[in-house]
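User: I would like to learn how to read the features of a protein structure. Can we go through one together?

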Amino acid sequence: MRLRDRIAVVTGAASGIGLATARRFAAEGAFVVAVDLTTDAIEELAKELGGAAITCDVTDEAAVAALFDAVCGEHGRVDIAFNNAGISPPEDDSILTTGIEAWERVQRVNLTSVYLCCKYAIPHMLRQGNGSVINTASFVAVMGAATSQISYTASKGGVLAMSRELGVQFARQGVRVNALCPGPVNTPLLKELFAKDPERAARRLVHVPMGRFAEPEEIAAAVAFLASDDASFITASAFLVDGGISGAYVTPL
């Protein structure tokens, strides 16, 4: 119950890491505001968790501003912002084949949405004198891959750099900002992209020292830690939860 009575906003809450984290936050005592474009899913989740659901396009500045104003207006504060919404469409591939439309769409959802959520969540936290922001980056923000998703990789590098800067900027005002950097996670998105193709999955798994993809609940546990006072001296960090990928040269047989 490390998050008892805290108000937590989770974007991308309808599935994957966002869904697992919303449930973990609630299990730790938080009141969870689930945010997504998939209204039915988050309304069901809100009923399950005893929280709230807000349908929001997080690439729309006015909608994001209204989202955080509404949460603060209803509950008086915003303690945790888990800015997690993101996409990885198949048309985002090698720089040699990825068109500008795909590039811009991924940047807007993965990077601009995080910028907007930080821009409108942090002022509420500054008024309170405390708060925790966790932005979903990726292990690809710190290492390269020959199996490129060029806009996704660039967007996650941007999330990491922005989170680091915000963490430094607001450290003395009680607001912590960290970038969560997961390795490959067993989510619907990953299953659609890689796991249904055994050859593509095997090409990735060989680089994971633990020999498997992460489960969403394992990533959610890391987010709950960063959101809690147990992480009170952690800010501006790239918090890697990648099964050892970024530390590996040769993996075990």
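Analyst: We will take the sheet, its helices, one covered strand, the rings and then the backbone. Keep in mind that this is a predicted model.

User: In what order do the seven strands lie in the open sheet?

Analyst: Start with the general idea. Strands of a sheet pair through backbone hydrogen bonds, either parallel or antiparallel. Here, seven strands form an open sheet with parallel pairing. The order is 3-2-1-4-5-6-7. Strand 3 (52–55) and strand 7 (238–241) each have a single partner strand, so one side of each is left without a neighbour in the sheet. Those two stand at the edges. On average, neighbouring strands of the sheet are turned by 20 degrees against each other, direction ignored.

User: How many bridges join strand 1 to strand 4?

Analyst: Three bridges join them. Strand 1 covers residues 7–11, strand 4 covers residues 80–83, and the two run parallel. Take one bridge: Val10 has Phe82 in strand 4 as its partner.

User: Which strands does helix 3 lie across?

Analyst: Helix 3 (residues 61–75) lies across strand 1, strand 2 (31–36), strand 3 and strand 4. Its direction is at about 155 degrees to strand 1. Now look at helix 4 (residues 100–128). That helix lies across strand 1, strand 4, strand 5 (131–136) and strand 6 (175–182). Helix 4 runs at about 170 degrees to strand 5.

User: Are the residues on the two faces of strand 6 buried or exposed?

Analyst: The general idea comes before the case. In a regular strand the side chains alternate between the two faces of the sheet. In strand 6, Val175, Val177, Ala179 and Cys181 lie on one side, and Arg176, Asn178, Leu180 and Pro182 on the other. They are all buried, and both faces are covered. That is eight of the eight residues in strand 6.

User: What joins strand 6 to strand 5?

Analyst: Six bridges do, and the two strands run parallel. In one of them, Ser132 has Arg176 of strand 6 as its partner. The chain goes from strand 5 through helix 5 (residues 150–169) to strand 6. This β-α-β crossover is right-handed. Strand 6 also pairs with strand 7 in the parallel sense, over four bridges. Among the partners are Cys181 and, in strand 7, Leu240.

User: How many aromatic pairs does a search of the whole structure find?

Analyst: A pair of aromatic rings is described by the distance of the centres and the angle of the planes. The search finds one pair. Phe225 and Phe239 are its members, 5.8 Å centre to centre, with 35 degrees between the planes. The pair counts as tilted. Phe225 belongs to helix 8 (residues 216–227) and Phe239 to strand 7, 14 residues apart, so-called distant parts of the chain. Phe225 is partly exposed because its relative accessibility is 23%. Phe239 is partly exposed too, at 22%. There is another ring to look at: Lys119 lies over the face of Tyr120, at 5.9 Å from the ring centre.

User: What is the value of phi at Asp5?

Analyst: Most residues other than glycine have a negative phi, and most peptide bonds are trans. Phi of Asp5 is near 70 degrees, a positive value in a residue other than glycine. Asp5 sits in the segment before strand 1. Its relative accessibility is 62%, so Asp5 counts as exposed. Ala236 also has a positive phi, near 60 degrees. Ala236 is in the loop between helix 8 and strand 7. With a relative accessible area of 22%, Ala236 is partly exposed.

Terms used. Residues numbered from 1 in each chain as written. Predicted model: local features only at pLDDT ≥ 70, side-chain atom pairs only at ≥ 80, totals over all residues. Heavy atoms only, no water. Pairing = 2+ DSSP bridges. Axes fitted to C-alpha atoms, helices over the stretch in contact; angles between N-to-C directions. Contact = heavy atoms within 4.5 Å. Buried < 20%, exposed > 50% of the residue type's maximum accessible area, 1.4 Å probe, protein only. Right-handed = clockwise from strand over helix to strand, strands pointing away. Phe/Tyr/Trp six-rings, centres within 6.5 Å; stacked < 30°, edge-to-face > 60°. Lys NZ or Arg CZ within 6 Å of the ring centre and 35° of its normal.
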